[in-house]
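Please open the model in the viewer with the whole chain displayed as a cartoon. The tour below proceeds from the complete chain to individual side chains, naming at each stop what to select.

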Amino acid sequence: MDPDAVAKAFVEHYYRTFDGNRAALGGLYQDASMLTFEGDKIQGAAAIVAKLTSLPFQQCAHAISTVDCQPSGPAGGVLVFVSGSLQLAGESHTLKFSQVFYLLSLSMSAFRHLVVRFD
């Protein structure tokens with residue numbers, strides 16, 4: 001497993017899905033998954049998707065600036081750090097964001113922990 005290839009493929013899929021249909025992200029989470037969003041902790045696939053789909057904007061476009069990753073743990077996990085900007089529909093300015101994913105090796109189709117912070 002090449003961590004850089006895994007991270008790149010995951011990030012492309014995640015943000016394309018987020019920008020087009022946030023509800024479809026549910027398959028990437030497990031019941032043990034946790035999202036920390038601006039300090040609030042949300043656990044479980046259903047609760048995380050509910051949070052993401054209840055954000056106060058319907059349309060957005062992510063522009064990724066950096067994707068850094070490293071292997072993590074004996075189980076083959078990958079720690080991924082992403083930074084970039086978020087353009088909301090109807091807004092003239094962009095929001096800077098950073099996001100951390102901890103991907104598990106359960107076929108790399110699910111991740112366990114997610115932290116989001118807007119600058």
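With a molecular surface displayed, the chain exposes about 6,300 Å², of which carbon and sulfur atoms supply 54%; accessible areas come from the Shrake-Rupley method with a 1.4 Å probe, and for residues only the protein chains shown count as cover. The model is a predicted one, in which local features need pLDDT of at least 70 and side-chain atom pairs count only at pLDDT 80 or more, while totals for chains, interfaces and linings use all residues. Residues are numbered from 1 along each chain as its sequence is written, and side-chain values use heavy atoms, with hydrogens and water left out.

**The whole chain**

Return to the cartoon and colour by secondary structure. The chain holds 2 helices and 6 strands, where helices (H or I, at least four residues) and strands (E, at least two) are DSSP runs numbered from the N terminus. Read from the N terminus, the order of the elements is α-β-β-α-β-β-β-β. Of the 119 residues, 39% count as buried; buried means under 20% relative accessible area, exposed over 50%, and partly exposed in between, with a 1.4 Å probe and protein chains only. Among contacts between residues at least 6 apart in sequence, 46% join residues at least 24 apart, a contact being heavy atoms within 4.5 Å.

**The nonpolar core**

Next, select Tyr14, Phe18, Tyr29, Leu52, Val80 and Phe101, and show their side chains. These residues have the most contacts inside the largest nonpolar core, which has 28 residues. Such a core is a set of buried Ala, Val, Leu, Ile, Met, Phe, Trp, Tyr and Cys residues joined through side-chain atoms within 4.5 Å. At least two core residues come from each of helix 1 (3-20), strand 1 (29-37), helix 2 (45-53), strand 4 (77-88) and strand 5 (94-103). Helix 1 gives the largest share, 7 residues.

**The aromatic cluster**

Which residues do ring pairs link into a cluster? Select Phe10, Tyr14, Tyr15, Phe18, Phe97 and Phe101 to display it. The structure holds 7 aromatic pairs; rings of Phe, Tyr and Trp (its six-membered ring) pair if their centres lie within 6.5 Å, and planes under 30 degrees apart count as stacked, over 60 as edge-to-face and the rest as tilted.

Centre the view on Tyr15. Tyr15 and Phe97 form a tilted pair, 5.7 Å centre to centre with 50° between the planes. Tyr15 belongs to helix 1 and Phe97 to strand 5, so this pair ties together parts that are 82 residues apart in sequence. Then add Phe101: its ring centre is 6.3 Å from that of Tyr15 and the planes stand at 75°, so this pair is edge-to-face. Tyr15 in helix 1 and Phe101 in strand 5 are 86 residues apart, and both are buried.

**Strand 4 and its neighbours**

Select strand 4. Is this strand largely enclosed or open, and why? Of its 12 residues, 9 are buried, so strand 4 is largely enclosed by the rest of the structure. Within it, Val80 touches residues including Ala7, Val11, Val67 and Phe101.

Now add strand 3 (residues 60-72), which pairs with strand 4 in the antiparallel sense over 12 bridges; two strands pair if DSSP finds at least two bridges between them. Gln70 stands opposite Leu79, and Pro71 has Val78 as its bridge partner. This hairpin has 4 residues between the strands, and Gly73 takes a positive phi near 85°.

On adding strand 5, one finds 10 bridges joining it to strand 4, again antiparallel. Ser85 has Lys96 as its bridge partner. The hairpin has 5 residues between its strands, and Gly90 in the turn has a positive phi of about 85°.

**Helix 2**

Select Ala45, Ile48, Val49 and Leu52, which are buried in helix 2. Seen down the axis, the buried residues fall within an arc of 95°, so they line one face of the helix; the arc is that of the directions from the helix axis to the C-beta atoms. Their cover includes helix 1, strand 1 and strand 2 (40-43).

**A final stop in a loop**

Finally, select Ala75, in the loop between strand 3 and strand 4. Ala75 is exposed, with a relative accessible area of 55%. A distance drawn from its C-alpha to that of Leu104 reads 7.5 Å, although the two are 29 residues apart in sequence.

Conventions. Lists of a residue's contacts leave out its neighbours within four places in sequence.
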